[in-house]
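Visitor: Could you take me through this model, strand by strand and ring by ring, with the reasoning behind each answer?

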Amino acid sequence: MESTRIGQRLNLIVVCVLLLLKTEASSYVPITYVRNAVAKGAVCLDGSPPAYHFDKGFGAGINSWLVQFEGGGWCNNVTTCLSRKYNRLGSSKQMAKQIAFSGILGNKHQFNPDFYNWNRIKVRYCDGASFTGDVEAVNPVTKLHFRGARVFTAVVEDLLAKGMKNARNAIISGCSAGGLTSILHCDRFRALLPTRAQVKCISDAGYFINARDVAGTRHIEQFFSQIVATHGSARNLPPSCISRLSPGLCFFPQYFVSQIATPIFLINAAYDSWQIKNILAPGVADPLGHWHSCKLDINNCSSNQLGTMQGFRTEFLRALTVLGNSQSKGMFIDSCYAHCQTEMQETWFTSDSPLLAKTTIAKAVADWFYDRRLFHQIDCPYPCNPSCHNRIFDPRHDNPGI
């Protein structure tokens, strides 16, 4: 009985220490609205102004800028975009007035040793198409605005006016749909920054692949094509891709990433939990829910399901081969069941963060950015990496996805 009580106390102490660490590693940053963007038509889905959170740099980082784009999926038609119009993913009116910065956005040396004193910006996501859309007409009934590309430009111009025009170092980054943003807009961001600045791009969980689902259908290809058509995204997708392929395919990094001229670093799980849930085994391809428990927790997967996931990994790695051995393109591809690993302190930089070649994500990214060494590592297959932080989803709050 006594040993049970001691064990419970130890567990409580561990939880308290972890909570304290999380609190110490985070800082809260207020929102900034780009109100002058409205006159340019650079607005969220509901017509409200775009917004970002800005934690100013200091010391040696005063002229270094990290612009991180928020993730949040996409809306592929009027119905799904209307549902966003009334929440933070479509309206700055619904956004929190301050948010926590941690991981790559953290402002303390011990938690973010190479970027802690940079100007760090979190751009809020409210257009539903990774900042690519630009439709001039506004439907008088829905009053939806598809203006993501204008938002991207307006936000960058606002930051340039606030000091980014003097940047010596600059990074565009993002997670999930924001990670796709950083790939799609990598060269555009470079073009907007001073020519003297060292500019690079980082994508966290943004390398979405065009794969068949468990029913043999390319559901994600259809979904991405609908996004591009709804938002009028084609004119803002990479020209090198649009000239060769249909616009919907040019939403997939594998078809254009080799043509990106600006240095870029990819952080991705080979068993990306969002892609497993929504590309490999979406609800439409699994009507009886055989994959439901597996998608919530990889430990619940049957041997057959794990085999199918190994096949997905193989396809994911094949889609990466287009990068070749380019000296300017780095990668950290672990074998975790995860999605987005740079903004959470526990996966970015702590004593038990995921490792590849005995290196944390934070160290790998910094070594690559500062040209200390090229980092181009791909993990062995699941479950070989004991340092992984595998996601476990709460079934009560599980989003069935697309």
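The questions and answers below concern a predicted model.

Visitor: Which residues of strand β9 point one way, and which the other way?
Guide: In a regular strand the side chains alternate between the two faces of the sheet. Strand β9 covers residues 329-334, and six of its six residues are buried, so neither set in the following split is left uncovered. Lys329, Met331 and Ile333 point one way, while the other way point Gly330, Phe332 and Asp334.

Visitor: How many bridges join β9 to strand β10, and which residue in β10 stands opposite Met331?
Guide: On one side, β9 runs parallel to strand β8 (residues 264-269), to which six bridges join it, and Phe265 stands opposite Gly330 there. Strand β10 (residues 376-378) also runs parallel to β9, and the number of bridges in this pairing is three. The residue of β10 that stands opposite Met331 is His376.

Visitor: Is strand β6 mostly covered or mostly exposed, and which residues make up its two sides?
Guide: Strand β6 spans residues 169-174 and is mostly covered, with six of its six residues buried. Both of its faces are covered, one carrying Asn169, Ile171 and Ser173 and the other carrying Ala170, Ile172 and Gly174.

Visitor: Which residue in β7 stands opposite Ile172?
Guide: Six bridges join β6 to the parallel strand β3 (residues 64-69), where Trp65 stands opposite Ala170. Four bridges join β6 to strand β7 (residues 198-204), again in a parallel arrangement. In that pairing with β7, the residue opposite Ile172 is Cys201.

Visitor: What is the geometry of the ring pair formed by Trp74 and Trp274?
Guide: A search of the whole structure finds 26 aromatic pairs. For Trp74 and Trp274 the ring centres are 5.6 Å apart and the planes stand at 85°, and because planes over 60 degrees apart count that way, the pair is edge-to-face. The two residues are 200 residues apart along the chain, with Trp74 in the loop between β3 and α2 and Trp274 in helix α8. Both are buried, and the geometry asked for is edge-to-face.

Visitor: How many residues apart are Phe115 and Phe369?
Guide: The rings of Phe115 and Phe369 have centres 6.4 Å apart and planes at 75°, so this pair is edge-to-face. Phe115 lies in the loop between β4 and β5, whereas Phe369 belongs to helix α12 (residues 361-369), and the separation is 254 residues.

Visitor: Over which ring does the charged end of Lys200 sit, and at what distance from its centre?
Guide: Two lysines may be taken together here, and Lys277 lies over the face of Phe393, at 3.8 Å from the ring centre. The charged end of Lys200 sits over the ring of Trp368, at a distance from its centre of 4.9 Å.

Visitor: What is the phi of Ser130, and is this residue buried or exposed?
Guide: Ser130 is found in the loop between β5 and α3, and its phi is positive, about 50°, although it is not a glycine. Its relative accessible area is 0%, which means that Ser130 is buried.

Visitor: Where is Pro383, and what is the omega of the peptide bond from Tyr382 to Pro383?
Guide: Pro383 has its place in the segment after β10. The peptide bond that leads to Pro383 from Tyr382 is cis, with omega near 5°.

Conventions:
Residues numbered from 1 in each chain as written. Predicted model: local features only at pLDDT ≥ 70, side-chain atom pairs only at ≥ 80, totals over all residues. Heavy atoms only, no water. Buried < 20%, exposed > 50% of the residue type's maximum accessible area, 1.4 Å probe, protein only. Pairing = 2+ DSSP bridges. Phe/Tyr/Trp six-rings, centres within 6.5 Å; stacked < 30°, edge-to-face > 60°. Lys NZ or Arg CZ within 6 Å of the ring centre and 35° of its normal.
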